[in-house]
Structure formats: C-alpha cells, structure tokens
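Please open the structure in your viewer and keep the selection panel at hand. The stops below say what to select next and what is to be found there.

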Amino acid sequence: MNKPSQPLRETDVLVVGGGLHGSSSAFHMAQRGASVTVLEADYVGRHSSGVNAGGVRTLGRPLPEIPLSLMSREIWHTLAETIGDDAGFVPSGQMKIAETQAELDECRERVDLLEAHGFSHEKLIDRETLLDIEPNIAPHVTGGVWVERDGYALPFRATTAFRLAAQKHGAIFHEGTPVGRIEQRGERWLAHTPSGTFAAEKLVVTAGAWAGELARQVGEPVPVHPEGLMLMVTHRVAPFCRSTLGATGRPLSFKQFDNGTVVIGGKLIGIADLPARHGEVDFARLVKSANTVVDLFPHLRNLGINRAWAGVEAFTDDSLPVISPSRRASNLTYSFGYCGSGFQLGPGCGRLVSELVLDGRPSLPLDAFAIDRFGPMVH
Ligand SMILES: Cc1cc2nc3c(=O)[nH]c(=O)nc-3n(C[C@H](O)[C@H](O)[C@H](O)COP(=O)(O)OP(=O)(O)OC[C@H]3O[C@@H](n4cnc5c(N)ncnc54)[C@H](O)[C@@H]3O)c2cc1C
C-alpha cells in the first residue's frame, strides 16, 4: 500500500516498462497531450531495446506484421523530424542471401506470395545483382531477396531518443521502479512498487519478457516465454560490406558499422534468466554463427571477436506480438512479445498503442495480435 508520506501519484496513463515500446508509446501519447508516467524496473533501454542488433528490417516479416512494419519504417526515415534525433539510422538496405538453387526457389516463392497479397517491398535478385551490391560475398551464392529502404540504427540511442522526446512533452520516467502488482479499483488502475503506488485511469503494459506475469494478474494468461538472444561484435576491419545481411538456409544477421566493426547475430539463442533479469552467452552456439560468416566472407577467418552478450527477449507461441486491449478489464492495453524483431516495430507500434489508448481504435487492423487469440489457458 501507499505510505502516508507518499501521496498517490496520478497521471492520465501509466506505462509499465521503459524499453523502446514503452518509450515510443509514451512519446506518442504525451505528444498528443496526455499526461504519462513510465515505470521502469531497471533503467530505460537496459534490456532487449538497448542491446539488440539494431536491424530496421521489413524483410522476411510474417504477413500480418507487414503493414505495421512498413508504417514503422516510414517513421524511421523521418526520425530526426519526429523526435529530434535520427538514432544513427542508416538506410543500408537489407539482403537475404540464397546459397543454393533450392534456397533461391524459396526466395522466389516468398516474393510471389507477397505480391499475391499486394506487397512489393521485397525484390528477388539474381546472383549478378547480388554481387553488384555486395562484391565481396563468396562466389557460391545464387541470389536472394533485397529491400532497399531497410537499414539499421543504434538501439540504445534510439530508445533514449524516444524517452527524451517523451520527456519534452511532459512524460515522467521513474527508473529503478519495478511494478509488483497491478489492480483496477473503480475507475483507476493502481501499480504497486517498492517506492509507492502510482495511479492512472489507463494502463499500458510494455514489460517485454516480463509482461506475461502482469497479464496473468489480470486473469488473461498468454503463452509467452523468455529467450536470451546473443550477439557478438568483431575487431575493426577495412570496409567490405554496406548492407545488412541475413541468410535463407541458416541463422544470420550481419552488418558492418562505419567504424569497421561487424555485428553478428540472427536470433541465436543463449540463456535467459527472467528472475535475475539477465541474459547469458552460450559460446558453443556463437561458433556456428561465426562459421556462417566465414563461409560467406572467407577473408574474415582470422578476425577477432571483441565481445559477446545476450539480451532477454519475449517470444509467443505463434511468433507474433500481443498488441491489444485487454479482453477482461477496461482501459488496459498490452504491447509485448516481439519475438526478436520488435526494434524495427517500436516507432510504429508506439503510435498504434497511442491510438488504442486515446482513440479506442488503431489506424491499422490489429486483429492478428489480439491477446485472446491463443484461446483459454490454464491459470
Ligand atoms: C540480441 C538481440 C538482437 C535483436 N535484434 C533485433 C533486430 O536486429 N531488429 C529488431 O527489430 N529487433 C531485434 N531484437 C528484438 C528487439 O530488441 C525487441 O523485440 C524489442 O526491443 C522489445 O522491446 P520492448 O520494449 O517490448 O521490451 P524490452 O526492451 O525488454 O523492455 C521492457 C522493459 O520493461 C521493464 N519491465 C519489465 N517488467 C517490469 C515491471 N514489472 N515493472 C517495471 N518495469 C518492468 C524491463 O526492465 C524492460 O526495460 C533483438 C533482441 C535481442 C535481445
């Protein structure tokens, strides 16, 4: 309960979780005049949002995510005007490489499928075009898929930029403030923390891998589980690759920064410790990914690794996020479970959350992301 010395602190909206999705949602709501308080257990950007690979990728998205992802990408391209910082966004293009004829056929089927649904952002490219774009790739490649307007940005800077932009519009951030319990009393939501109770008419849960526990408290459990996703960064090497790369037949996400270092990942699963709020690297699995890179760029064989790390990310059973009003309680909105691809979606989903909260209806259909789509679960 709230201590007598600490009066109930009240705003229009409480946001639980200060990752990119919480910060972006707070920005979009505060910009429209709502008073917003963000409660963050650790510090803003401490988890996935601050430590990810920075891929701004519409390429390879599941069909239901594509409209959101394309809308979000337009915000990335105008970030400096929108929040006063471009977050280091580089429109490098993203490429998915095929290494066999069968993989190229798979790429062709994907592009045909998208075209049948009216999407033309992914382009099939042949081997010659691929080698024109990236001349240093190993010659065994057969072609791939290319998205010119995709790119990458700097994760911690992006999350911080949204936080600062939200604060400029009056949003208040409390770090080191874990929410243990949420409850709706009358017209108010209460969030209980070790530093007192916060209150608001509306509640937004953007608590990443920890969101499942809060949904459970409201009586709508979802199949969401944590994974520790890993990345490694190399020593500096002379520029050899401009675009952001993935592979068709094996996990890979790969980019070279202007300073020469190369970041290597691709949904590589390490260890996630949810209670300790911590991810750990599994070096044996990292080796696999390093081998993929050397197959594609043999000249990197002797390049050293500077460091490796793991971030805790939320995965759902159907690999889609939950972006949804509660089906059990009023004035409660969820946005979590981004399954290793939520950085790119942050700017756009923050806007959609602001529409759900302030207008009651989003400007894009969100039915595929409803919290009750999994059916009843055992509590
Ligand atoms: C290694 C790695 C690489 C990735 N690469 C990419 C990529 O290239 N492109 C891409 O699009 N995506 C990528 N992702 C995924 C992306 O980072 C995430 O999907 C996204 O950042 C999720 O943002 P979020 O705000 O939902 O969650 P988070 O960043 O986890 O933020 C949630 C916040 O809520 C806080 N919180 C939790 N519970 C509570 C509570 N009870 N009270 C208060 N605060 C609480 C947490 O402390 C945390 O700060 C990657 C992820 C990882 C880990």
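## A tour by selection

Begin by selecting Arg108 and Asp105, bearing in mind that this is a predicted model: the two side chains form a salt bridge in which the closest N and O atoms lie 3.1 Å apart. Both residues belong to helix 5 (residues 101-116), where, being three residues apart, Arg108 and Asp105 are separated by about one helical turn. An α-helix has 3.6 residues a turn, so residues three or four places apart point the same way. With a relative accessibility of 36%, Arg108 counts as partly exposed, and Asp105, at 32%, is partly exposed as well.

Next, select Asp295 together with Arg250, a salt bridge whose closest N and O atoms are 2.8 Å apart. This pair links distant parts of the chain, since Asp295 sits in helix 9 (residues 283-296) while Arg250 lies in the loop between strand 13 (244-247) and strand 14 (253-256), 45 residues apart. Asp295 has a relative accessible area of 34% and is partly exposed; Arg250, with 26%, is also partly exposed.

Now move to Asp282 and Arg285, whose side chains meet in a salt bridge at 3.5 Å from N to O. Asp282 is partly exposed at 21% relative accessible area, which places it just outside the buried class, for which the value must be under 20%. Arg285 is partly exposed too, with a value of 42%. To see salt bridges that share partners, select Arg73, Glu74, Arg149 and Asp150, which are joined into one network. Counted over the model, the salt bridges come to 21.

**Helix 3 and helix 10**

Arg73 also belongs to the contact made by helix 3 with helix 10, so colour these two helices separately. How do their axes cross? The axes of helix 3 (residues 66-77) and helix 10 (residues 342-358) come within 8 Å and cross at roughly 95 degrees, and the two helices are therefore roughly perpendicular to each other. On the side of helix 3, the contact is made by Leu68, Ser69, Met71, Ser72, Arg73, Ile75 and Trp76, and on the side of helix 10 by Phe343, Gln344, Leu345, Gly346, Pro347, Gly348, Cys349, Arg351 and Leu352. By class, the residues of this contact divide into nine nonpolar, five polar and two charged.

Keep helix 3 selected for a moment. Its twelve residues should span 16 Å at 1.5 Å a residue, and the end C-alpha atoms are 17 Å apart, which agrees. The buried residues of helix 3 are Ile66, Leu68, Ser69, Met71, Ser72, Arg73, Ile75 and Trp76.

**Helix 1**

Select residues 20-31, which make up helix 1; from the first C-alpha to the last, this helix of twelve residues reaches 16 Å, close to the 16 Å expected at 1.5 Å a residue. Helix 1 is mostly covered, with eleven of its twelve residues buried. Those buried residues are Leu20, His21, Gly22, Ser23, Ser24, Ser25, Ala26, Phe27, His28, Met29 and Ala30. Extend the selection to Gly33, which follows helix 1 and has a positive phi, near 100 degrees.

**Leu214 and its neighbours**

Is Leu214 buried or exposed? Select this residue in helix 8 (residues 211-217): at 5% relative accessibility, Leu214 counts as buried. Leaving aside residues up to four places away in sequence, Leu214 touches Val16, Val179, Ile182, Val205 and Ala207. A distance label from Leu214 to Val16 is instructive, for the two are 198 residues apart in sequence and 9.4 Å apart in space, C-alpha to C-alpha.

**Two positive phi values**

Most residues other than glycine have a negative phi, and most peptide bonds are trans. With that in mind, select Ala87, which is not a glycine and yet has a positive phi near 55 degrees. Ala87 is found in the loop between helix 4 (79-83) and strand 4 (94-98), and with 0% relative accessibility it counts as buried.

Finish at Lys267, another residue that is not a glycine, with a positive phi of about 50 degrees. Lys267 is found in strand 15 (residues 262-269), and at 44% relative accessibility it counts as partly exposed.

Notes:
Residues numbered from 1 in each chain as written. Predicted model: local features only at pLDDT ≥ 70, side-chain atom pairs only at ≥ 80, totals over all residues. Heavy atoms only, no water. Axes fitted to C-alpha atoms, helices over the stretch in contact; angles between N-to-C directions. Helix = DSSP H or I, 4+ residues; strand = E, 2+ residues; numbered from the N terminus. Parallel < 35°, antiparallel > 145°, perpendicular 65-115°, else oblique. Contact = heavy atoms within 4.5 Å. Nonpolar A, V, L, I, M, F, W, Y, C, P; charged D, E, K, R; others polar. Salt bridge = Lys/Arg side-chain N within 4 Å of Asp/Glu carboxyl O. Buried < 20%, exposed > 50% of the residue type's maximum accessible area, 1.4 Å probe, protein only. Expected span 1.5 Å × (residues − 1).
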